[in-house]
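This report describes the domains, the internal spaces and one helix packing of a single protein chain. Please keep the structure open beside the text while reading.

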Amino acid sequence: MVIALGFEGSANKLGVGIIKDGVVLSNPRKTFITPPGEGFMPKETAQHHRENVLEVLKLALDQAKISTADIDVVCYTKGPGMGAPLATVAIVARTVAQLWNKPLLGVNHCIGHIEMGRLITGAKNPTVLYVSGGNTQIIAYARKRYRIFGETIDIAIGNCLDRFARVLKISNDPSPGYNIEQLSKKGSKYVPLPYCVKGMDVSFSGILSYLEERTDSLLKQGFSPEDMCFSLQETIFAMLVETTERALAHCNSSEVLIVGGVGCNLRLQEMMGDMCKERGAKLFATDERFCIDNGVMIAHAGYEMFKSGVRMEWKDSFVTQRFRTDEVETTWRDD
């Protein structure tokens, strides 16, 4: 029996989660929300995490009904992410690991999403579409690594949605992407947008610039904000379905798993589900509890690492804003 505690703070979500042999004991989360039209900056986000991390930690321990003595390993997000928020949460993880005399493990944020998705959905060896505010990757497992088959060559899909939400002054509560999804359900007129697939990679910055420059003129032409949200979603999701389908065929896979914050989007799940049906594959996705950044995904990935014998020296307990998914050897998988 292993109980792992996980800290997540790579962006504007602060989470602390506790897992016991694949059973989620607690997973509280607190989100830093900025006013409409504004993004979140590293300094202010780090300050939010500093002010709230001990409260969220206490809540996680209370909900799990365990004491600090029961914890076997303390895990934290090593990267990728925003430097200041990552460092803030890592300092807390290092401190409690030393105070409680527990081993410490740094976890790759992307691996956390993948392993949590596999645990919750039961997917065995899926082709993974990882879509979030900071990352967009198409991933499949091969020879002890999660290999990246395709990715964004500029900004992430979540960043594209967030920045367009700022153009329209859409609320950031609970998240800009969620609010764009709700608006898009009322849109019906399609705005023709650039479609940027380059081999297995995708590009979103040109689509964003195209819309940013034309928002005012589109409004004058009779296109509503709802129409623009609808058009943006349909276009960028179609790009992701195309590249994921290509990876699915290349890997001869029968499963697709969507992870990351944008993975909660029901329209993306619907479009991917249609593609999977046509190919005789099965789609796996989770809801906002486990799609959106959370502490228990870090705890679970750390738990898998710890059980497979991975240990980390104190000198390695730093953070890095750039930490590739395929840098991590998946010692816990032998298929």
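How many cavities of 30 Å³ or more does the count come to? In this predicted model, the count comes to 1 cavity of 30 Å³ or more.

**Domains**

The protein is divided into domain 1, which covers 3–114 + 290–316, and domain 2, which covers 125–287. Taken over C-alpha atoms, the centres of domain 1 and domain 2 are separated by 27 Å, and the contact takes 16 residues from domain 1 and 21 residues from domain 2.

**The cavity**

About 40 Å³ of space lies in the largest cavity, and the residues that line this cavity are H113, M116, G117, I258, V259, G260, T286, F290 and C291. Two or more residues of this lining are given by each of the elements α3 (109–121), β12 (255–259) and α9 (288–291), and the largest share, 3 residues, comes from α3. Where does the largest cavity lie with respect to domain 1 and domain 2? Because domain 1 (3–114 + 290–316) and domain 2 (125–287) both give residues to the lining, the largest cavity lies between them.

**The second largest pocket**

The second largest pocket holds about 220 Å³ of space. Its lining is made up of 16 residues, and those that lie nearest the centre of the pocket are G106, M305, V310, F323 and V328. Strand β6 (residues 104–108) gives the largest share of the lining of this pocket, namely 4 residues.

**Packing of α1 and α2**

Helix α1 (residues 42–64) and helix α2 (residues 83–100) have axes that come within 8 Å and cross at roughly 35°, and the crossing in which α1 passes α2 is right-handed. On the α1 side the contact is made by P42, T45, A46, H49, R50, V53, L57 and L61, while on the α2 side A84, P85, T88, V89, V92, V96 and W100 take part.

**Residue classes**

The table sets out the residue classes for the two linings and for the helix contact.

| Group of residues | Nonpolar | Polar | Charged |
|---|---|---|---|
| Lining of the largest cavity | 5 residues | 4 residues | no residues |
| Lining of the second largest pocket | 8 residues | 3 residues | 5 residues |
| Contact of α1 with α2 | 11 residues | 3 residues | 1 residue |

Read by row, the lining of the largest cavity has no charged residues, whereas the lining of the second largest pocket has 5 charged residues, and the contact of α1 with α2 has 1 charged residue.

Methods. Residues numbered from 1 in each chain as written. Predicted model: local features only at pLDDT ≥ 70, side-chain atom pairs only at ≥ 80, totals over all residues. Heavy atoms only, no water. 1 Å grid on protein atoms, 1.4 Å probe; cavity = no way out; pocket = protein on both sides within 12 Å on 5 of 7 lines; lining within 4 Å. Points joined across faces, edges and corners; volume = space filled by probe spheres on them. Nonpolar A, V, L, I, M, F, W, Y, C, P; charged D, E, K, R; others polar. Domains from an automatic or database assignment. Axes fitted to C-alpha atoms, helices over the stretch in contact; angles between N-to-C directions. Left-handed = near helix turned anticlockwise from the far one by under 90°. Contact = heavy atoms within 4.5 Å.
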